[in-house]
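Here is a friendly walk through one chain, residue by residue where that helps. Have your viewer open and follow along.

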Amino acid sequence: MSALEIGIASFPALMVLIFLRVPIGLAMFLVGLLGLVLVTDGTQVAFARLKNETYTTFSSYSLTIVPMFLLMGHFATLGGMSTALFKAAEGWLGHRKGGIAMASIGACAGFGAICGSSLATAATMGRVALPELRQYGYAGGFSTATLAAGGTLGILIPPSVVLVIYAILTEQNIAKLFLAAFIPGIMAALGYVIAISVYVRLYPDSAGTRPPVPYAERFAALLQVWPVLLVFGLVVGGIYLGWFTPTEGAAVGALGTGVIAWLNGGLTRASLSESFLVTARSTAMIFFIVLGAAFYNGFLALTQVPQELSNFVVAQGYSPWVVLALILAFYLVFGCLMDSLSMILLTIPIFFPVISAMDFDLVSLAAMQADAAMEVLKTGVPEAMSAETLAGIKDAIASGAELTREQMKELGIRVTRGMANRAEAEHVAIWFGILVLIVVEVGLITPPVGMNLFIINAMDRTTRMADTYKAVMFFVGSDIVRVIILVAFPAITLFLLPG
């Protein structure tokens, strides 16, 4: 067999191991190791790569952000931030039809801003919100579906561990990815609120109501969420203001949530030790998956499978939008079978070169030139510029035509095709990353194997899984509509990125 054939054969072999319940990190590692032995006709290269890959993977400075964000989420739970968020949202929304479910979504969004983990958000908010939902007569399936869907906000609203891994894999700017996730994250929360509103109108008996809370109590509850706003503002704001790098921001966030948890009495010597152990276990699991993926993807690169696949797709002349739709559909299906981190580590090295080779025309050279020209003209027309040249520049901007070299020289700007291509590549990578993050998270709440569904249902043994499946489809529908909107209008995702 040729190296390419061995690379292609590795996919079914990997799927067989995964379906046999072999941990995905171990499965990718074993397939990559065996594949290297077969491709290189011996064990020397495979064992040498084992030594080098282990060191290069775990010595990556960017990966230190992972345990810091995990620790920050754990401290936030100990500090009672999840409870404060839910009580504040419940005070303002709880008296409405479906209001406590809406409050759960709002609390999940707020907690996701300081957690970065979908499963942790779902489990934490489940413990806080499920008793309230039961108390006010919410149907079991509706309650569990709401909290399972709300949990997915933990990984979409920055900071996000999975976005960090995607940034490392594709060599993108972590801060820009966080910024691009804001609007889709807000859209997700609003979409879930709309889904709840539709559900309670179709099934009025699925949700009870609670008496309105006096405004004094509402504002008092709102004041209790100041630690969340402080930590989020310090971490995210500090990153964008250039006070510290994303990795340093994660450390600052962990320290800040730790201090708040200690002041609130939730952080003791015993709970601090437990926090470190839980974080270490979660980090070890993530890092082993990262190592397995690095080993397997290194083997794939040696067999040239990603490059050949990219060349094949481009040669077929398919529309970039058709290729993107097929890839997202693949993620929707397989996202039901494995967690988001594993999916991204396994598939991004294969699909990203394909997407990068496509021309989505997200960045226009003429538009970049027009923006640069307008910045110059805002400060006044250069003295040496003739009226004829100025008129020609204005006509080019109005018609969307590219400026000539002479016109750019007169303006004192330099915007080249290479600059436009680099901007296009970055925008496509960021846009694709947010889309992938959304669709793999949809898999966490898609029957029959949505991981968030099982986590929440395990906390409510009285609710049948079938009832959860029925209710969660409203949230899945909201997610699919959101994906379609973000695919059709990339500018929504890219709107906040610096020009």
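## Starting at Phe-360

Let us begin with the surroundings of Phe-360. Setting aside neighbours within four places in sequence, Phe-360 is in contact with Pro-320, Trp-321, Leu-324, Ile-355, Glu-424, Val-428 and Trp-431. Please keep in mind that this is a predicted model. Phe-360 sits in the loop between α18 and α19, and its relative accessible area of 4% is under the 20% limit, so Phe-360 is buried. For a long-range distance to check in your viewer, take Lys-470: it is 110 residues from Phe-360 along the chain, and the two C-alpha atoms are separated by 37 Å.

The next residue to visit is Asp-361, which is found in the loop between α18 (340-356) and α19 (365-378). Is Asp-361 buried or exposed? With a relative accessible area of 57%, over the 50% limit, Asp-361 is exposed. Its phi is near 55 degrees, a positive value in a residue other than glycine.

## A second positive phi

Most residues other than glycine have a negative phi. Against that background, Glu-171 is worth a look too: its phi is near 60 degrees, which is positive although the residue is not glycine. Glu-171 lies in the loop between α10 (161-170) and α11. It counts as exposed, because its relative accessibility is 73% and the limit is 50%.

## The whole chain

Now zoom out. The chain has 25 helices and 0 strands. Its radius of gyration is 25 Å, close to the 23 Å that the globule rule gives for 499 residues, so the chain is as compact as a globular protein of that length. Along the principal axes, the C-alpha trace spans about 70 × 70 × 45 Å. Of the contacts with a separation of 6 or more, 81% are between residues 24 or more positions apart.

Buried residues account for 52% of the 499 residues. What does the surface look like in terms of atoms? The accessible surface comes to about 22,200 Å², and carbon and sulfur atoms hold 66% of it. As for charge, there are 25 positive and 28 negative side chains, with the centres of the two sets 11 Å apart.

## The nonpolar cores

In soluble globular proteins, nonpolar side chains tend to be buried together. Here, the largest nonpolar core has 145 residues, and Tyr-331 and Phe-432 are those with the most contacts inside it. Helix α11 (residues 174-202) supplies the largest share of this core, 15 residues. Apart from this core lies another, of 14 residues, including Ala-373, Leu-377, Met-385 and Ala-396.

Which residues does Phe-432 touch, beyond those up to four places away in sequence? They are Tyr-166, Leu-324, Ile-327, Tyr-331, Ile-348, Phe-351, Phe-352 and Ile-355. Leu-324 and Ile-355 are also among the contacts of Phe-360.

## Three buried residues in helices

Ala-429 is placed in helix α22 (residues 417-443). Its relative accessibility is 0%, so Ala-429 counts as buried. Not counting residues up to four places away in sequence, Ala-429 touches Tyr-166, Gln-172 and Phe-352; Tyr-166 and Phe-352 are touched by Phe-432 as well. Ala-429 and Leu-177 are 252 residues apart in sequence, yet their C-alpha atoms are 9.3 Å apart in space.

Ala-76 belongs to helix α4 (residues 65-78) and is buried, with a relative accessible area of 0%. Outside its neighbours within four places in sequence, Ala-76 is in contact with Met-81, Ser-82, Phe-111, Ile-114 and Thr-257. Its C-alpha is 9.4 Å from that of Gly-256, a residue 180 residues away in sequence. Thr-303, in helix α15 (residues 269-303), is buried with a relative accessible area of 3%. Leaving out neighbours within four places in sequence, the contacts of Thr-303 are Ala-3, Leu-4, Gly-7 and Val-39.

Methods:
Residues numbered from 1 in each chain as written. Predicted model: local features only at pLDDT ≥ 70, side-chain atom pairs only at ≥ 80, totals over all residues. Heavy atoms only, no water. Helix = DSSP H or I, 4+ residues; strand = E, 2+ residues; numbered from the N terminus. Rg over C-alpha atoms; globule rule 2.2 N^0.38 Å. Buried < 20%, exposed > 50% of the residue type's maximum accessible area, 1.4 Å probe, protein only. Contact = heavy atoms within 4.5 Å. Areas by Shrake-Rupley, 256 points an atom, 1.4 Å probe, with all protein chains shown as cover. Lys, Arg positive; Asp, Glu negative; His and termini not counted. Charge placed at Lys NZ, Arg CZ, Asp CG, Glu CD. Core = buried A, V, L, I, M, F, W, Y, C linked by side-chain atoms within 4.5 Å.
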